[in-house]
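Grab a pencil and work through these exercises with the structure open beside you. Try each task yourself before you read the solution.

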Amino acid sequence: MANAQHSNSSQDHGTPVEVVELARYALGGIGTDPCSDAYWNHHSVKADLFWSKADDGLRRPWSGPVICNPPGGESEQDKITGKRRVLVPSLVRPFWERLVEDWRRGLIDGAVWVSFSLEQSARRAFVQRRTLEDARART
């Protein structure tokens, strides 16, 4: 079964149901999840459109309200030095840049960004849709 918690030992994780429900409430629905898979979309997110790791959500179209819980990197601790070494680079920054760019261009209707901290994610999900619309009108 997939892991609902972020970890630097794997990129496989999902967005917890309570965070998804807050996002759905704040956005009025979820149009696209560019960082999902069939399991998480079926059991939790239920986006109109989702892209899996194999689909490469960064290169696919996004529309409507978006929930984005990007994969972090993978690392392991060196047994001799005790330092962590990167096995797979994090995709957080490229997904963030894509989300902001699509929003600025008016290609998405709003978004909830799910961060590493579950508590921060839940607070951010309360962002009102109107606030997003007002911010877009100012740009």
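## Exercise 1: a pair inside a helix

Helix H1 covers residues 17-27 and holds both Arg24 and Glu21, which sit 3 residues apart, about one turn of the helix. Keep in mind that you're looking at a predicted model.

**Task.** Find out what the side chains of Arg24 and Glu21 form when they meet.

**Solution.** Start with the distance: nitrogen to oxygen, it is 3.4 Å. The cut-off for a salt bridge is 4 Å, so Arg24 and Glu21 form one. Next, check the surroundings. Arg24 has 21% relative accessibility, so it counts as partly exposed. Glu21 is partly exposed too, because its relative accessible area is 38%.

## Exercise 2: more salt bridges

**Task.** Work out how many salt bridges the count comes to, then look at the partners of Glu97 and Arg59.

**Solution.** The count comes to 4 salt bridges.

- Step one: Glu97 pairs with Arg93, and their closest N and O atoms are 3.0 Å apart. Both belong to helix H3 and lie 4 residues apart, so about one helical turn separates them. Glu97 is partly exposed at 42% relative accessibility, while Arg93 is exposed at 62%.
- Step two: Arg59 pairs with Asp56, with 2.9 Å between the closest N and O atoms. Arg59 is exposed, with a relative accessible area of 72%, and Asp56 is partly exposed at 29%.
- Step three: take a second look at Asp56. You'll find it in the loop between S2 and S3. Its phi is near 60°, a positive value in a residue other than glycine.

Lys46 also deserves a look here. Its phi is positive as well, about 55°, although Lys46 is not a glycine. Lys46 lies in the loop between helix H2 (38-45) and strand S2 (49-50), and it is exposed, with a relative accessible area of 52%.

## Exercise 3: bonded or not?

**Task.** Look at the sulfurs of Cys35 and Cys68. How far apart are they, and why is there no bond?

**Solution.** First, recall that a disulfide is a covalent bond between the sulfur atoms of two cysteines. Now take the distance: the sulfur of Cys35 is 3.8 Å from that of Cys68, its closest cysteine sulfur. The cut-off is 2.5 Å, so this pair is too far apart for a bond. A search of the whole structure agrees, finding 0 disulfides.

Are these cysteines buried or exposed? Cys35 has 17% relative accessibility and Cys68 has 0%, so both count as buried.

## Exercise 4: following strand S3

**Task.** Decide which way the residues of S3 point, and find the strand that S3 is joined to.

**Solution.** Begin with the general rule: in a regular strand the side chains alternate between the two faces of the sheet. Then check S3 itself. Pro65 and Ile67 point one way, Val66 and Cys68 point the other way, and all of them are buried.

Now look sideways. S3 is joined by 4 bridges to strand S6 (residues 110-113), and the two run parallel. Ile67 stands opposite Val112 in S6.

Finally, step past the end of the strand. Asn69 lies in the loop between strand S3 (65-68) and strand S4 (74-77). Asn69 counts as buried because its relative accessibility is 4%. Its side chain makes a polar contact of 2.7 Å with the side chain of Thr15.

## Exercise 5: the neighbours of Arg98

**Task.** Is Arg98 buried or exposed, and which residues is it in contact with, leaving aside its neighbours within four places in sequence?

**Solution.** Locate Arg98 first: it is in helix H3 (residues 92-104). Its relative accessible area is 17%, so Arg98 is buried. Its contacts beyond those neighbours are Gly57, Leu58, Arg59, Arg60, Pro61 and Trp62. For Arg60 you can be more precise: its backbone oxygen lies 2.7 Å from a polar atom of the Arg98 side chain.

## Exercise 6: zooming out

**Task.** Count the helices and strands, and write down their order.

**Solution.** The chain has 5 helices and 6 strands. From the N terminus on, they run α-β-α-β-β-β-β-α-β-α-α. Of the 139 residues, 38% count as buried. As for the surface, the chain exposes about 8,400 Å², and carbon and sulfur atoms supply 53% of it. Last, take the contacts between residues at least 6 apart in sequence: 61% of them join residues at least 24 apart.

Note on methods
Residues numbered from 1 in each chain as written. Predicted model: local features only at pLDDT ≥ 70, side-chain atom pairs only at ≥ 80, totals over all residues. Heavy atoms only, no water. Buried < 20%, exposed > 50% of the residue type's maximum accessible area, 1.4 Å probe, protein only. Polar contact = N/O pair within 3.5 Å; in protein donor to acceptor, adjacent residues only side chain to side chain. Pairing = 2+ DSSP bridges. Contact = heavy atoms within 4.5 Å. Areas by Shrake-Rupley, 256 points an atom, 1.4 Å probe, with all protein chains shown as cover.
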